[in-house]
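Student: Hi! Could you walk me through this protein model?
Tutor: Happy to, let's look at it together.

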Amino acid sequence: MLQTANVAREIEGVQTDVLLQAFADRILVLVTQLGKVGSLIQATVPSTMPLLPAPPPDPEQPNVVPLPVPPPSLQLTPLLGSAPTERIQTLHSLYASHISTLVWTMEEDSVMEADRRAVVVGIALAKAPGTVADSSSELSPHDRRVFYGVMEMLRDLLAQK
């Protein structure tokens with residue numbers, strides 16, 4: 001895995017940056033649309049817990065690469081900052097779970113990295129345009145496009161190993 005890498009793309013009309021920094025004991029992944037670190041969440045999972053492979057591609061959506069499933073023993077620990085609403089907190093947990101699982105899965109595929117380090121995820125996302133109330137627990141189409149765009153960016157970074 002690269003020690004430091006970053007990528008920037010426009011997702012849903014907003015400049016989105018993903019930075020990956022590997023340290024000896026953990027990996028830092030920052031996802032920002034606001035130019036700041038945002039809320040920090042640490043994800044850990046026992047190294048003895050097997051990671052499940054990604055499900056097979058959906059024949060109806062052959063261009064969509066499925067994400068690996070987060071392990072049930074995944075532990076998320078808020079380190080700094082908090083989401084303003086319960087819905088945003090759930091969205092941040094979704095990001096942290098999938099980002100860490102993707103990092104661990106791709107790190108396991110690398111012959112150079114064998115340990116499963118903690119992953120610290122920083123998330124600072126712009127508010128969706130036209131958002132008035134935050135009461136829905138469902139992901140909006142905007143949330144989904146941003147989420148999958150960020151996962152694609154992270155996959156690209158991790159593939160540069």
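Tutor: We'll talk about the core, then the aromatic rings, then one threonine.

Student: What should I know before we start?
Tutor: This is a predicted model, where local features need pLDDT of at least 70, side-chain atom pairs count only at pLDDT 80 or more, and totals for chains, interfaces and linings use all residues. Residues are numbered from 1 along each chain as its sequence is written, and side-chain values use heavy atoms, with hydrogens and water left out.

Student: Cool. How many residues does the largest nonpolar core have?
Tutor: That core has 34 residues. A nonpolar core is a set of buried Ala, Val, Leu, Ile, Met, Phe, Trp, Tyr and Cys residues joined through side-chain atoms within 4.5 Å. Buried means under 20% relative accessible area, exposed over 50%, and partly exposed in between (1.4 Å probe, protein chains only).

Student: Which residues have the most contacts inside it?
Tutor: Those are Val18, Val29, Tyr95, Ile99 and Leu154. Among the elements giving two or more residues to this core are β2 (14-22), α1 (86-109) and α2 (141-159). Helices (H or I, at least four residues) and strands (E, at least two) are DSSP runs, numbered from the N terminus.

Student: And what does Val18 touch?
Tutor: Not counting residues up to four places away in sequence, Val18 touches several residues, including Val29, Val150 and Leu154. Contact here means heavy atoms within 4.5 Å.

Student: New topic: how many aromatic pairs are there?
Tutor: The structure holds two. In one, the ring centres of Tyr95 and Phe147 are 5.2 Å apart with planes at 80°, so the pair is edge-to-face. Rings of Phe, Tyr and Trp (its six-membered ring) pair if their centres lie within 6.5 Å; planes under 30 degrees apart count as stacked, over 60 as edge-to-face and the rest as tilted.

Student: Why does that pair tie together parts 52 residues apart in sequence?
Tutor: Because Tyr95 lies in helix α1 and Phe147 in helix α2.

Student: And the other pair?
Tutor: Phe147 and Tyr148 form an edge-to-face pair too, 5.2 Å centre to centre with 80° between the planes. Ring pairs thus link Tyr95, Phe147 and Tyr148 into a cluster.

Student: Is Tyr148 buried, exposed or partly exposed?
Tutor: Tyr148 is partly exposed, at 44% relative accessible area, whereas Phe147 is buried at 4%.

Student: Last one: where does Thr32 lie?
Tutor: Thr32 lies in strand β3. Its side chain reaches the backbone nitrogen of Leu34 at 3.0 Å and that of Gly35 at 2.9 Å.

How values were computed:
Polar contact = N/O pair within 3.5 Å; in protein donor to acceptor, adjacent residues only side chain to side chain.
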